[in-house]
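Let's take a friendly walk through this protein, with the sequence and the fold side by side. Keep the viewer open as you read.

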Amino acid sequence: GNLNTGRSNLGATGPKNAGLAIQGETSTDVNNVEEYNGSSWTNATAHPESKQSASVAGLQTAAISLGGYPLVTTSVAYDGTNWTAAPALTVANANWAAGGPSTACFGISGGEAPSPSSGKYHDQYDGSSWTSATNMSTTRVQCAALGSAQDAILATGGRANTPGAPSVRVSTTESWNGSSWTSGPSMLVARSGHLGFGTQTAGIVQAGSTNPGSTNLSSQGRYDGTSFATGATNAVNHGGGLGGTGGTTAPISANVSNCFICGGPSSATATEEFNDETSAIASSTLTTS
C-alpha cells in the first residue's frame, strides 16, 4: 500500500506488518507520522518536529526518533499513541543509521554535522540517557547498519565526504563487537543513502546511490556473515533518501523477511515488502535390490 503522504528522507522502523514512517521532506520538511499494518498506511499522531533525515528505532508501539536536519540533538519517544520528549543525543546530527529496541538502541554515522568526526559518530541509548561510544574508523556519511543489538553492528558503505573534494561513495564495511571496530568485507557496489536489514551474520543492503555522482541503485547485496552476494532487485527505483526497516528494529524482527521499503525522491509514495527465498526438502522412499 502507498504512503498517504509521499516523501523522501524519512525515517522508518518496525516489521512489515507493523511499520512506522515518520517525518521527511515533500516541498518542505514535514512532521507526518504513518503506521503500516502489512497492507495499508494510516495517519497517526504527528511528530513534535518537522524534520528531514531523522532516524527512528524500535517498534510501532515503542519507538524513539533520533536527530534530523536542520541538525538537532533531539530524541523523542513514541508509545503507539503519543510522542514524548526523551534525553538528548550527545551530538547534533542527521542521517543516523539506527537499530535495536527503543530502550537499547544505537545510532551510527549520520553526517553533515560541522565536525571533523562527522560521519563517524556512534551513540548508544540505555532507556534513560545517550552515551557517546567509540567512533567508527572511517567517515561514512549516510551509511546503513546491519544489526539489532548494541554489541553486534556492521556499518556498510557511506560517503567519504572529504572537504573540498567530490563526494565519493565507498564499498567498505566495519563491525562493532561492543568494544572496538574491525574492518570487514567490502560490498559488491559502493553505496550511500541505502538501507540495511538483518544482522551481522544474515543481512541485506538495498537501493541507495553509487558513483559517479549519485546514480540511483535498485540492487541488493546479500550478506552471510563472511561475504556479500547479489540478491533481489527492488521493484521500484527508490534511489537514495528512502525509508525502510524490519531487519535492524529489534530481535523480534531481525529476520530479513520482515523488511519493507517506502518513499524516496520526488515525494514517492511506493511501498515494497521483501519476500525472502524459501527452501523445502522433499522426502522419498528408498529401496534396495
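Which residues make up the largest nonpolar core? Before the list, please note that this is a predicted model. The largest nonpolar core has 12 residues, namely Ala57, Ile64, Leu66, Ala86, Leu89, Val91, Trp96, Ala98, Cys105, Tyr121, Tyr125 and Trp130. Two or more of these residues come from each of β6 (62–66), β9 and β11 (121–125). Another core lies apart from it and has 10 residues, among them Ala97, Phe106, Met136 and Ile153. As general background, nonpolar side chains in soluble globular proteins tend to be buried together.

Cys105 is a good place to see the surroundings of the 12-residue core. Leaving out residues up to four places away in sequence, Cys105 touches Ala57, Ile64, Gly99, Gly100, Asp123, Gln124, Tyr125, Trp130 and Gln150.

**The four-stranded sheet**

An open sheet is built from 4 strands in the order β9-β10-β11-β12, with antiparallel pairing. At its edges are β9 (96–99) and β12 (130–132), each of which pairs on one side only. On average, neighbouring strands of this sheet are turned by 20° against each other, direction ignored. In general, strands of a sheet pair through backbone hydrogen bonds. Here β9 is joined to β10 (residues 106–109) by 4 bridges in the antiparallel sense, and Gly99 faces Phe106 in β10.

**Three buried residues**

Which residues away from that sheet are worth a click? The table gathers three of them, with their places and accessibilities.

| Residue | Place | Relative accessibility |
|---|---|---|
| Thr13 | strand β1 (residues 11–13) | 1% |
| Ser53 | loop between β4 (41–43) and β5 (55–59) | 9% |
| Phe274 | segment after β25 (271–273) | 14% |

Why does Thr13 count as buried? Its relative accessibility is 1%, and buried means under 20%. The side chain of Thr13 reaches the backbone oxygen of Gly58 at 2.6 Å.

Ser53 counts as buried because its relative accessibility is 9%. Setting aside residues up to four places away in sequence, Ser53 touches Asn9, Gly68, Tyr69, Ala94 and Asn95.

Phe274 likewise counts as buried, at 14% relative accessibility. Phe274 and Lys16 are 258 residues apart in sequence, while their C-alpha atoms are 8.5 Å apart in space. Beyond neighbours within four places in sequence, the contacts of Phe274 are Lys16, Ile204, Gln220, Arg222, Ala232, Val256, Ser257 and Cys259.

**The strands around β21**

One of the contacts of Phe274 is Gln220, and that residue leads to another set of paired strands. Which residue stands opposite Gln220 of β21? The partner is Gln206. Strand β18 (residues 203–206) and strand β21 (residues 220–223) run antiparallel and are joined by 4 bridges.

β21 also pairs with strand β22 (residues 228–230), in the antiparallel sense and over 3 bridges. Within this pair, Gly221 has Thr230 in β22 as its bridge partner. The hairpin of β21 and β22 has 4 residues between the strands, and Gly225 there takes a positive phi near 100°.

Notes:
Residues numbered from 1 in each chain as written. Predicted model: local features only at pLDDT ≥ 70, side-chain atom pairs only at ≥ 80, totals over all residues. Heavy atoms only, no water. Pairing = 2+ DSSP bridges. Axes fitted to C-alpha atoms, helices over the stretch in contact; angles between N-to-C directions. Buried < 20%, exposed > 50% of the residue type's maximum accessible area, 1.4 Å probe, protein only. Polar contact = N/O pair within 3.5 Å; in protein donor to acceptor, adjacent residues only side chain to side chain. Contact = heavy atoms within 4.5 Å. Core = buried A, V, L, I, M, F, W, Y, C linked by side-chain atoms within 4.5 Å.
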